[in-house]
Amino acid sequence: MLKSKVVDHQLTTHIGNACVEILNNWTSMSGFRAVREAKTSIYEGESTTEIASLIYHNDRKVLYIADLCNGLELLALYIGFIVCMPSSFWRKVRYIIIGVIILDVVNIARCIGLIYLQEYYEYYFDIAHKYIFNVTVYSVTFLLWVIYTRKIHLNNETIQVG
């Protein structure tokens, strides 16, 4: 099975570039740059190469954004939920566009938070990466679903078997 990385590549690059843009231009921090690099690792005797966005701060690696961390699977899950729920076409389109933008902003904020922790509070990086920020992103997704479903009225019909 061939895996296309076209969307992953674009989204991972976007996340890395957005983080660098915000950190360099909208905060008191500067000296960040995002670079697409290949990383080769060996796991259980198998060598795998993955291209990811690496964020450097003054030539020191501070964050590695892999394709698995770009939020694509979460976006697909969010969109799939909206598509499967009964509603008008344009309402679905509106909620998909707004939700994707919100989830993208949340994911960029997550990466910026990880960079901040890596720079100033490295001790907390792992717990924030594995738990706190994941719970935050999934909670926002769930909240978006709740908001979307508030105006949906399902027809409850009694089914008699007999």
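Where is Asp59 found? Select Asp59 and you land in the loop between S2 and S3; helices (H or I, at least four residues) and strands (E, at least two) are DSSP runs, numbered from the N terminus. Before going further, keep in mind that this is a predicted model, where local features need pLDDT of at least 70, side-chain atom pairs count only at pLDDT 80 or more, and totals for chains, interfaces and linings use all residues. Residues are numbered from 1 along each chain as its sequence is written, and side-chain values use heavy atoms, with hydrogens and water left out.

**Stop one: the S2–S3 loop**

Stay on Asp59 and check its backbone: phi is positive, about 65°, although Asp59 is not a glycine. Most residues other than glycine have a negative phi. Now add Asn58, in the loop between strand S2 (46-57) and strand S3 (60-65). Asn58 also has a positive phi, of about 50°. Asn58 is exposed, at 54% relative accessible area, and Asp59 is exposed at 61% (buried means under 20%, exposed over 50%, partly exposed in between; 1.4 Å probe, protein chains only).

**Stop two: the salt bridges**

The structure holds two salt bridges, each a side-chain nitrogen of Lys or Arg within 4 Å of a carboxyl oxygen of Asp or Glu. For one of them, show Arg33 with Asp59: their closest N and O atoms are 3.0 Å apart. This pair links distant parts of the chain, with Arg33 sitting in strand S1 (residues 32-43), 26 residues from Asp59. Arg33 is partly exposed at 38%.

Next, pick Arg60 and Glu119, whose closest N and O atoms are 2.8 Å apart in a salt bridge. Here strand S3 is tied to helix H3, across 59 residues. Arg60 is partly exposed, at 37%.

**Stop three: the tyrosines and isoleucines**

Select Tyr116, Tyr120, Tyr121, Tyr123, Tyr124, Ile127, Tyr131 and Ile132, and you have a nonpolar surface patch of about 970 Å². Patches take residues with over 30% relative accessible area and no salt bridge, joining like charges within 9 Å and nonpolar side chains (Val, Leu, Ile, Met, Phe, Trp, Tyr) within 5 Å. Helix H3 (89-120) and helix H4 (125-149) each give two or more residues, and H4 gives the most, with three. Tyr124 is in the loop between H3 and H4, partly exposed at 45%.

**Last stop: the cysteines**

How many disulfides are there? Zero, counting pairs of cysteine sulfur atoms within 2.5 Å. Select Cys19 and look for the nearest cysteine sulfur: that of Cys111, 4.6 Å away. Cys19 is buried at 0%, whereas Cys84 is exposed at 66%.

Key. Areas by Shrake-Rupley, 256 points an atom, 1.4 Å probe, with all protein chains shown as cover.
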